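Trainee: Could you take me slowly through one small part of this model, and then show me how the places around that part fit into the whole? I am new to this, so please explain each term when you first use it.

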Amino acid sequence: MNTIWELLCTFLRIGLLSIGGGYAIIPLIQEQVVEQTGWISEKMFTDIITISQMTPGPLAVNTSTFVGLQIGGIAGAIAATVGCILCGMIISLTLYHFFQTHEKSMYVLEVLNGLKSASLGLIISAAFTILLLALFGGNGPETDFSTMNATALAVFLGMLVLLRKWKMHPIMVMLISGSLGLVFYL
């Protein structure tokens, strides 16, 4: 039961500080569950991110649910999910009311512009985290940049071209990537 309580408190804190949501919250979750508590490994976290992207629903909620499931079973999944969404839901309802009453304020609009910039930085940080894990197997100061996974780089670049140049549907890109993973890594 202690682990369930810790999961709830950890994800309440994550949910409270998760401005930007989605990809912006990934580095915060990673810091808490991989680096600070050591509940799961970096490799497992990367796998959870991959699964979370393929399942329906918001990325942050899916990631929280899968992390909680891995650490504390069904009760852990519920605790992590509730912790992740509760603060955001309360804050969203409060902000909705605030913005309804101050919708024409220039100060409020400028604060929103600042938050957009911060959110972009968090999303870029999450992208670099996933890239480093996929290409070099690590994300911290101990990452060995001389051991690039050439296969992962080729798949990444190929899928990037399919997405950007030929505008292939993301689900098709994921299916192709999964198939290539079976071929190259099985």
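Mentor: Let us begin with Gln32, which sits in helix 2, the stretch of residues 26-36. Helices here are DSSP runs of H or I with at least four residues, strands are runs of E with at least two, and both are numbered from the N terminus. Before going further, please keep in mind that this is a predicted model, in which local features need a pLDDT of at least 70 and side-chain atom pairs count only at pLDDT 80 or more, while totals for chains, interfaces and linings use all residues. Residues are numbered from 1 along each chain as its sequence is written, and side-chain values use heavy atoms, with hydrogens and water left out.

Is Gln32 buried or exposed? With a relative accessible area of 8%, Gln32 is buried, a word that means under 20% relative accessible area, whereas exposed means over 50% and partly exposed lies in between, with a 1.4 Å probe and protein chains only. If we set aside residues up to four places away in sequence, Gln32 touches Thr10, Arg13, Ile14 and Thr37, where a contact means heavy atoms within 4.5 Å.

From helix 2 we can move to helix 5, where Thr129 has its place. Thr129 also counts as buried, at 7% relative accessibility, and, apart from neighbours within four places in sequence, Thr129 is in contact with Gln30 and Asn139. Leu133 is found in helix 5 too, and its relative accessible area of 11% makes it buried. With the same kind of neighbours left aside, Leu133 is in contact with Gln30, Glu42, Thr46, Gly138 and Asn139. Leu133 and Leu153 are 20 residues apart in sequence, and their C-alpha atoms are 11 Å apart in space.

Ile124 is another residue of helix 5, but it counts as partly exposed, at 41% relative accessibility. Between the C-alpha atoms of Ile124 and Tyr23 there are 8.4 Å, although these residues lie 101 positions apart along the chain.

Thr129 and Leu133 also help to line the largest cavity, together with Ile26, Phe45, Thr46, Ile49 and Ile130. Two elements, helix 3 (42-54) and helix 5 (106-136), give two or more residues to that lining. The volume of this cavity is about 30 Å³. On a 1 Å grid over the protein atoms alone, a cavity is a set of points where a 1.4 Å probe fits but cannot get out, while a pocket is an open set with protein on both sides within 12 Å along at least five of seven lines, and lining residues have an atom within 4 Å of a point. Grid points are joined across faces, edges and corners, and a volume is the space filled by probe spheres set on the points.

The largest pocket holds about 1,500 Å³ of space. Its lining has 34 residues, and Thr50, Gln53, Ile130, Ala134 and Ser177 lie nearest its centre. At least two lining residues come from each of helix 3, helix 5, helix 6 and helix 7, and helix 7 gives the most, with nine residues.

Between helix 6 (150-164) and helix 7 (170-185) runs a loop that contains Lys167. Lys167 is exposed, with a relative accessible area of 62%, and its phi is near 50°, a positive value in a residue other than glycine.

Stepping back to the whole, the protein has seven helices and zero strands, and 28% of its 186 residues count as buried. The C-alpha trace spans about 55 × 45 × 30 Å along its principal axes. Among contacts with a separation of 6 or more, 49% are between residues 24 or more positions apart.
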